[in-house]
Structures are given as structure tokens and as C-alpha cells.
Amino acid sequence: SSGINAEYGGTRGLWSGLGPSIARLSICNIGEVVTYDSVKTAMLQRELMRDSFPLHVFAAVCAGFVTTCLTSPVDVVKTTYVNSTPGTYSGALGCGRALARSGGFKVFYK
């Protein structure tokens, strides 16, 4: 157990993905709730749809799309950072900067 622990950065290594995970979940929750509510409210105010099952499905699909667009960059950084050798990056933000420099904007939407 201690050999594996030391191999992956010790006790600190067990928590290496915590910051990026919290960032991802925050962005995900905000994106979902705000988009769902905004789409649903806009459709009802403009009387384009009634408050029924199709409206909820439409709002959920829109929320899913926006959430995916918002969280994909965070997922790429998180996966790269967590799977990297300890010390490769200064942190999750450093990992994101390195990815952006090496692959540009497209690297975040694999």
C-alpha cells in the first residue's frame, strides 16, 4: 500500500484531482440550471411552447448541449493533469496553459 502511495505522489497524490473536479462540477451545475431555466422561461414568455413534456425535453437538451460545451475543456485538463506524472505541471491551470500552447483552442474539444 505505501509503495503504491509513494509511486503516485503520496497522500497528496490521492487528492490531485480534487480542485479540477470541484471546478468541473460547479461549471456543470451552473450551466445546467441556468440554461434549463432560461430556455424554459424564454419559450413560455414568447408563447412558443406550452409548459408540458416537450418543453422540458427541449430545455433539457439545450442545457445538456451548453453544459457539454462548458465542461469539455475542464474534463480535458482534469484528465491530463490527473494522469500526468507528479511535478509535470504546476497545477491544473498550468496544465491548461500547457495544453493551450501545444494544441490551441481545439485541444479542449477532443
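Here is a walk through this structure, from the overall fold down to a few single residues.

First, keep in mind that you're looking at a predicted model. The protein has five helices and zero strands, so if you trace the chain from start to end, the pattern reads α-α-α-α-α. Of the 110 residues, 25% are buried. The accessible surface adds up to about 7,600 Å², and carbon and sulfur atoms account for 63% of that. How do the contacts spread along the sequence? Taking contacts between residues at least 6 apart, 48% join residues at least 24 apart.

Now go to the early part of the chain. Between α2 (10–14) and α3 (18–45) there's a loop, and tryptophan 15 sits in it. Is tryptophan 15 buried or exposed? Its relative accessible area is 56%, so it counts as exposed, because the cut-off for that word is over 50%. Tryptophan 15 also has company: together with Leu14, Leu18 and Ile22, it makes a nonpolar surface patch of about 470 Å².

Follow α3 to its end and you'll reach the loop between α3 and α4, where you can find glutamate 47. This residue is exposed too, with a relative accessible area of 71%. Its backbone is worth a look. Most residues other than glycine have a negative phi. Glutamate 47 isn't a glycine, yet its phi is positive, at about 55°.

Next comes helix α4, which covers residues 53–83. Try looking along it for a bend: at threonine 71 the helix bends by about 35°. A proline, proline 73, follows within four residues.

Which residues of α4 are buried? Among them are Leu55, Ala59, Ala63, Thr67 and Thr71. There's a handy rule for reading a list like that: an α-helix has 3.6 residues a turn, so residues three or four places apart point the same way. Further along α4, the buried residues include Ser72, Pro73, Val74, Val76, Val77 and Tyr81. And what do the buried residues of α4 pack against? They pack against α3 and α5 (92–103).

Let's finish with one residue from that list, serine 72, which lies in helix α4. Its relative accessibility is 16%, so serine 72 counts as buried, because buried means under 20%. Which residues does serine 72 touch, once you leave aside its neighbours within four places in sequence? The answer is Phe108 and Tyr109.

Terms used. Residues numbered from 1 in each chain as written. Predicted model: local features only at pLDDT ≥ 70, side-chain atom pairs only at ≥ 80, totals over all residues. Heavy atoms only, no water. Patch = residues over 30% accessible without salt bridge, like charges linked within 9 Å, V, L, I, M, F, W, Y side chains within 5 Å. Areas by Shrake-Rupley, 256 points an atom, 1.4 Å probe, with all protein chains shown as cover. Salt bridge = Lys/Arg side-chain N within 4 Å of Asp/Glu carboxyl O. Helix = DSSP H or I, 4+ residues; strand = E, 2+ residues; numbered from the N terminus. Buried < 20%, exposed > 50% of the residue type's maximum accessible area, 1.4 Å probe, protein only. Bend = angle between axes of the 7 residues up to and from the residue. Contact = heavy atoms within 4.5 Å.
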